[in-house]
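Q: Please take a close look at the aromatic residues of this model. Which of them pair with one another, and how do they sit in their surroundings?

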Amino acid sequence: VQLQASGGGSVQAGGSLSLSCKAVGLNFRLHDMAWYRQAPGRQRELVASITSGGNSNYAESVKDRFAISRDNVWRTVSLQMNDLKPDDTAIYSCWTSARGRDFWGQGTQVTVHP
C-alpha cells in the first residue's frame, strides 16, 4: 500500500489550499481515510476523517473551514482548507489502516503566514 500526497504550500492567513492523497495497492472504497497534521513541537493530531461509507468527522479547530472528501473511482482522498490560520501551519499526512497496520503518506507542508 502506498499513499501519494500532493498539494499544500504557503498562503496568507484567510487563504485556501487543497491536499490530495492517492492510494495505490489498496481496495480503496473499503477503507476509512484520514488527514493528520503535526506542527513543530506539538503532537500529531487528527484533522479530519472519512469512513468508507462517506461519513466525515473533523477536529473542532477546523470545523466549518476544512472539508474532507473521497473519490472511490480515482482512489483519492482530498482536504479542502479554507480560511487558513497561522495555527494551521504543519506537516499534513494522509492515513489509512489495512491488513492490520497503519499506512501513512509522505507528508506535505502547509505554511500559513499572518
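A: In this predicted model, a good starting point is burial: Tyr36 is buried, and Trp95 is buried as well. The rings of Tyr36 and Trp95 form an edge-to-face aromatic pair, with 6.3 Å from centre to centre and 65° between the planes. That pair links distant parts of the chain, since Tyr36 belongs to strand β4 and Trp95 to strand β9, 59 residues apart. Tyr36 also forms an edge-to-face aromatic pair with Trp104, here at 5.0 Å centre to centre and again with 65° between the planes. This second contact likewise joins distant parts of the chain, Tyr36 in strand β4 and Trp104 in strand β10 (residues 101–104), which are 68 residues apart. A search of the whole structure finds 2 aromatic pairs, and Tyr36, Trp95 and Trp104 form one aromatic cluster.

Trp104 has a relative accessibility of 32%, and because buried means under 20% and exposed over 50%, Trp104 counts as partly exposed. The face of Trp104 is also where Arg44 lies, at 3.9 Å from the ring centre. Another arginine placed over a ring is Arg101, whose charged end sits over Phe103, 4.0 Å from the centre of that ring.

As wider context, the largest nonpolar core has 30 residues, and those with the most contacts inside it include the aromatic residues Trp35, Phe66 and Tyr92. Among the strands that each supply at least two residues of this core are β4 (33–38) and β9 (90–98).

Technical notes. Residues numbered from 1 in each chain as written. Predicted model: local features only at pLDDT ≥ 70, side-chain atom pairs only at ≥ 80, totals over all residues. Heavy atoms only, no water. Core = buried A, V, L, I, M, F, W, Y, C linked by side-chain atoms within 4.5 Å. Buried < 20%, exposed > 50% of the residue type's maximum accessible area, 1.4 Å probe, protein only. Helix = DSSP H or I, 4+ residues; strand = E, 2+ residues; numbered from the N terminus. Phe/Tyr/Trp six-rings, centres within 6.5 Å; stacked < 30°, edge-to-face > 60°. Lys NZ or Arg CZ within 6 Å of the ring centre and 35° of its normal.
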